[in-house]
Amino acid sequence: MCGIAGWIDHSQDMSERIDLLNRMSETLDRRGPDENGLYINRGAALMHRRLVVIDRENGKQPMSVRHKDTTYVIVYNGELYNTAELREELKASGFHFRGHSDTEVVLKSYIKYGADCCKKLNGIFAFAIYNTSDKSLFLCRDRIGVKPLFYYEYNGGLLFASEIKALLASKVVKPQIDEQGLNEIFFLGPARTPSFGVFKGVFELNPGECAMYRHSKLRRKKYYTVEAKEHTDNEVTTIEKTRYLLTDAIQRQLVSDVPLCFFLSGGLDSSIIVKTASMYNKEHKLGKINTYSVEYRDNEKYFQKSNFQPTPDYEFISMMSKNADTKHREIVLDNTLVCDALYESVQARDLPGYVDVDSSLLLFCKEIKQNYTVALSGECADELFGGYPWYHNHEILFEDCFPWSKSQDIRRSILKDGVLKNGEEYVRQRYLDTINLAPKLKSDTDLDRRMREMFYLNFYWFMQCLLERKDRCSMFSGLEVRVPFCDYRLVEYAYNMPWELKAWGNREKGIVRKAFEDILPEEICWRKKSPYPKTHNPIYFNECIKRVRKILKKRSILNELLDRKGIEDIIENPDKITNPWYGQLMKAPQILAYIIELDYWFDKYNVEIV
């Protein structure tokens with residue numbers, strides 16, 4: 001993957017802003033440590049930071065192609081998984097190729113099909129294409145939203161970038177936050193409203209969106225969304241098709257010119273990917289695959305069983321590594337370093353995030369990057385195939401709220417009286433806006449209708465938060481992580497699958513289990529869902545307490561918002577928190593970690609409340 005950025009303002013000469021352009025580019029160097037490029041054409045500048053994965057010599061960017069008296073320039077971040085098919089289609093139309101990079105295929109697809117090229121791409125990507133003749137800029141983000149694309153529009157100009165930090169480096173975008181932004185970080189965080197970048201005036205293209213900037217006006221367009229259709233396949237066909245779609249997605253994502261490895265947690269999703277890849281390698285005589293897992297020092301001493309995390313991972317990891325015949329390495333993280341990495345996690349996200357779930361992944365990816373440039377991970381199966389408890393507990397399922405953040409009481413308790421009075425209403429409206437968008441059929445039962453709403457909620461909120469985490473924390477070390485479950489064909493199929501089939505055997509992700517039961521150990525195939533591990537070691541909690549108490553003693557904008565008594569209550573009575581702050585595992589230590597990240601974010605980014 002890479003980092004991209006650009007600045008369009010035809011009233012200015014961009015060559016006079018070279019220092020700012022270089023600063024914007026430098027903020028993205030972690031995403032693309034191998035090469036950097038800059039294109040300037042008076043009122044337009046495109047920047048690229050490259051992580052070399054495919055075709056080092058012929059994939060350099062910004063890439064330009066001249067066609068019928070017009071020059072088209074692209075900056076591209078992503079991987080295309082139907083490159084070969086599209087290249088052949090374009091060759092049949094008379095296009096020639098100088099290399100085998102997917103960047104060239106995307107650019108020439110745009111030249112051939114215009115904005116409709118989006119519909120032909122199967123992959124994870126964000127890109128921008130500048131037309132030198134009409135001075136237009138085309139922006140596009142992949143269907144699922146795996147790769148980011150932020151922008152800021154002002155009178156006469158547009159800035160865009162893979163990360164918010166690049167926009168801030170322009171000095172045009174100010175690190176300001178208003179009441180809406182405060183509601184986002186205090187009442188929705190670490191999630192955020194689709195398209196909303198928290199900083200005032202910063203937005204993001206939604207999954208499946210493209211945009212055209214022409215004549216100083218940006219027009220966004222939805223080119224893809226899941227549609228409600230009748231599922232006509234019987235049980236046998238559904239099982240077979242689920243297996244085919246996922247297997248095909250995995251195999252398409254094994255293409256790389258650089259070393260490739262796999263995340264392995266011992267859970268269903270990563271185990272399917274690892275076993276499928278191992279079988280593929282053996283069939284093609286490519287040797288053993290390499291797998292990695294993450295753990296925390298002395299975690300086995302303090303592990304606490306819960307409904308969300310019923311079993312530790314290590315026994316299942318060993319079993320799966322042996323079954324798939326992988327070269328495996330466990331990375332054990334120091335708990336104090338996990339706390340230290342909270343600060344870098346904020347730098348990676350440009351926002352307070354998923355605290356130690358972020359920081360541990362960031363450290364994990366940093367270790368992997370020492371040997372590999374590309375990894376495959378099992379993200380997003382739970383959102384698509386009903387893996388979370390809130391899909392199966394009908395008391396939670398039909399509660400009229402975000403299931404991963406049911407109560408706002410804890411969030412309210414850390415704020416002073418009178419701060420963000422409309423926070424709960426803000427959350428409620430975001431929830432309603434989402435479920436009202438979910439496409440449904442007249443023939444849907446009450447359960448099917450609710451499951452479509454839950455799919456939409458998970459797809460546009462919980463899943464996007466996890467994808468953002470995966471992108472920022474991996475790319476912070478220049479590691480590309482691919483997510484086969486995010487193949488849009490699989491997403492479409494899952495959306496319209498009746499619940500009784502999706503939950504085959506009355507199990508979470510039952511249809512996926514059934515589809516792959518013949519290639520996995522029974523203990524892993526039918527293992528109860530367990531999330532990404534967190535540390536249970538009291539060292540981490542004590543570190544968070546120490547740092548939060550130091551924060552509460554200082555004078556800051558944040559302390560004008562926070563209620564010290566409410567935070568001390570969390571410190572002194574951590575077991576009172578029965579519902580997670582967010583997701584499945586964010587309780588007392590993670591709430592304190594969130595405050596640590598908030599404090600660092602306000603200071604590091606010089607955030608101003610307006």
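**Entry: Lys369 and its contacts**

I began with the neighbours of Lys369 in this predicted model. Leaving out residues up to four places away in sequence, I found that Lys369 touches Leu51, Ser477, Gly478 and Leu479. Which backbone oxygen does the Lys369 side chain reach? I looked it up: the backbone oxygen of Gly478, at 2.9 Å.

Next I placed Lys369 in the fold, and found this residue in the loop between helix H12 (355-368) and E17. Is Lys369 buried or exposed? Neither label fits, because its relative accessibility is 23% and buried means under 20%, exposed over 50%. I noted Lys369 as partly exposed.

I also checked Ser101, which lies 268 residues from Lys369 along the chain. Their C-alpha atoms are separated by 22 Å.

**Entry: the sheet with E17**

From the loop I moved on to the sheet. I traced 5 strands in an open sheet, ordered E16-E15-E14-E17-E18, with parallel pairing. At the edges I found strand E16 (327-333) and strand E18 (480-482), each pairing on one side only. Ignoring direction, I read an average turn of 30 degrees between neighbouring strands of this sheet.

I then took a look at one pair, strand E14 (residues 260-263) and strand E15 (residues 290-296), which run parallel and are joined by 2 bridges. Here I saw Phe262 standing opposite Thr291 in E15.

What packs on the sheet? I found helix H7 (residues 268-283) there, touching E14, E15 and strand E17 (374-376). My last note for the day is that the direction of H7 makes about 150 degrees with that of E14.

Technical notes
Residues are numbered from 1 along each chain as its sequence is written. This is a predicted model: local features need pLDDT of at least 70, side-chain atom pairs count only at pLDDT 80 or more; totals for chains, interfaces and linings use all residues. Side-chain values use heavy atoms; hydrogens and water are left out. Two strands pair if DSSP finds at least two bridges between them. Helices (H or I, at least four residues) and strands (E, at least two) are DSSP runs, numbered from the N terminus. Axes are lines fitted to C-alpha atoms, for helices over the stretch in contact, and angles run from 0 to 180 degrees between N-to-C directions. Contact means heavy atoms within 4.5 Å. Buried means under 20% relative accessible area, exposed over 50%, partly exposed in between (1.4 Å probe, protein chains only). A polar contact is a pair of N or O atoms within 3.5 Å; within protein, one must be able to donate a hydrogen and the other to accept it, and residues adjacent in sequence count only if both atoms are side-chain atoms.
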